[in-house]
Amino acid sequence: MAVEQFVIAQNQATWHELETRIARPKFDCYFGDTGRLRHLVKIAQSIQHFEMRAEVSVSRDTTDDKFIALAIDSGGAILISGDPDLKDVQAYKGIEILSTAQFFERFKPIGVAKP
């Protein structure tokens with residue numbers, strides 16, 4: 001759904017975080033031997049890359065600011081995150097920060113159940 005209706009934005013910093021986080025052992029249960037690589041390839045085919053330009057200092061956790069900066073650089077209106085520090089920001093310069101549940105509730109197609 002999201003890939004067809006929304007631009008999935010990434011920049012070098014957010015892609016690096018995805019690559020390093022997905023490699024953590026706690027995600028082993030979601031992927032087989034080559035599942036991580038297949039997942040990353042699928043994501044890479046669905047994203048639009050943006051150069052890192054904006055610099056912000058908004059979140060309690062400064063390592064999360066790169067996501068807000070990406071939303072600014074991409075002209076995004078929504079940032080989807082489960083991170084408590086980002087969710088506490090709620091909105092910044094017209095960018096709403098929504099949990100996945102809030103996003104799916106707002107944008108679920110008619111006749112499709114929540115994941």
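This report describes the salt bridges, the largest pocket and the surroundings of helix α4 in a predicted model.

**Salt bridges**

The structure contains six salt bridges, and the table sets out three of them with the separation between nitrogen and oxygen.

| Side chains | Distance (N to O) |
|---|---|
| Arg21 and Glu17 | 4.0 Å |
| Lys66 and Glu17 | 2.8 Å |
| Asp85 and Arg60 | 2.7 Å |

The pair of Arg21 and Glu17 sits within helix α2, which covers residues 12-22, and the two residues are four positions apart, or about one turn of the helix. Arg21 is partly exposed, since its relative accessible area is 33%, whereas Glu17 has a relative accessible area of 16% and is buried. Because buried means under 20% relative accessible area, the value of 16% places Glu17 in that class.

The side chain of Glu17 also meets that of Lys66 in a salt bridge. This second pair links distant parts of the chain, with Lys66 in helix α4 (residues 65-74) and Glu17 in helix α2, 49 residues apart.

The side chains of Asp85 and Arg60 form another of the salt bridges, at 2.7 Å from N to O. Here too the pair links distant parts of the chain, for Asp85 belongs to helix α5 (residues 84-89) and Arg60 to the loop between β2 (47-49) and α4, 25 residues apart. The two partners differ in their exposure: Asp85 counts as buried at 18% relative accessibility, while Arg60, with a relative accessible area of 60%, is exposed. Returning to the pairs described before, Glu17, Arg21 and Lys66 are joined into one network by salt bridges that share partners.

**Helix α4 and the loop before it**

Besides holding Lys66, helix α4 has buried residues, namely Asp65, Ile68, Ala69, Leu70 and Ala71. The buried residues of α4 pack against the helices α2 and α5 and against the strands β1, β3, β4 (91-92) and β5 (95-98). After α4 comes Gly75, which has a positive phi, near 75°.

Asp64 lies in the loop between β2 and α4. Although Asp64 is buried, it has no salt bridge, and the nearest side chain of opposite charge, that of Lys66, is 5.6 Å away. Because a salt bridge requires the side-chain nitrogen to be within 4 Å of a carboxyl oxygen, the separation of 5.6 Å between Asp64 and Lys66 does not qualify. When residues up to four places away in sequence are not counted, Asp64 touches Ser59, Asp83, Asp85 and Leu86.

**The largest pocket**

Rolling a probe the size of a water molecule over the atoms shows where empty space is left. The largest pocket in this model has a volume of about 1600 Å³. It is lined by 38 residues, of which Ile8, Ala9, Gln10, Ile80 and Ser81 are the closest to its centre. The elements that contribute two or more residues to the lining are α1 (2-5), β1 (8-10), α2, α3 (35-44), α4, β3 (78-80) and α6 (100-107). Helix α2 gives the most to this lining, with five residues. By residue class, the lining of the largest pocket comprises 23 nonpolar, ten polar and five charged residues.

Technical notes:
Residues are numbered from 1 along each chain as its sequence is written. This is a predicted model: local features need pLDDT of at least 70, side-chain atom pairs count only at pLDDT 80 or more; totals for chains, interfaces and linings use all residues. Side-chain values use heavy atoms; hydrogens and water are left out. Buried means under 20% relative accessible area, exposed over 50%, partly exposed in between (1.4 Å probe, protein chains only). On a 1 Å grid over the protein atoms alone, a cavity is a set of points where a 1.4 Å probe fits but cannot get out, and a pocket is an open set with protein on both sides within 12 Å along at least five of seven lines; lining residues have an atom within 4 Å of a point. Grid points are joined across faces, edges and corners, and a volume is the space filled by probe spheres set on the points. Ala, Val, Leu, Ile, Met, Phe, Trp, Tyr, Cys and Pro count as nonpolar, Asp, Glu, Lys and Arg as charged, and the others, Gly among them, as polar. Contact means heavy atoms within 4.5 Å. Lys and Arg count as positive and Asp and Glu as negative; His and the chain ends are not counted.
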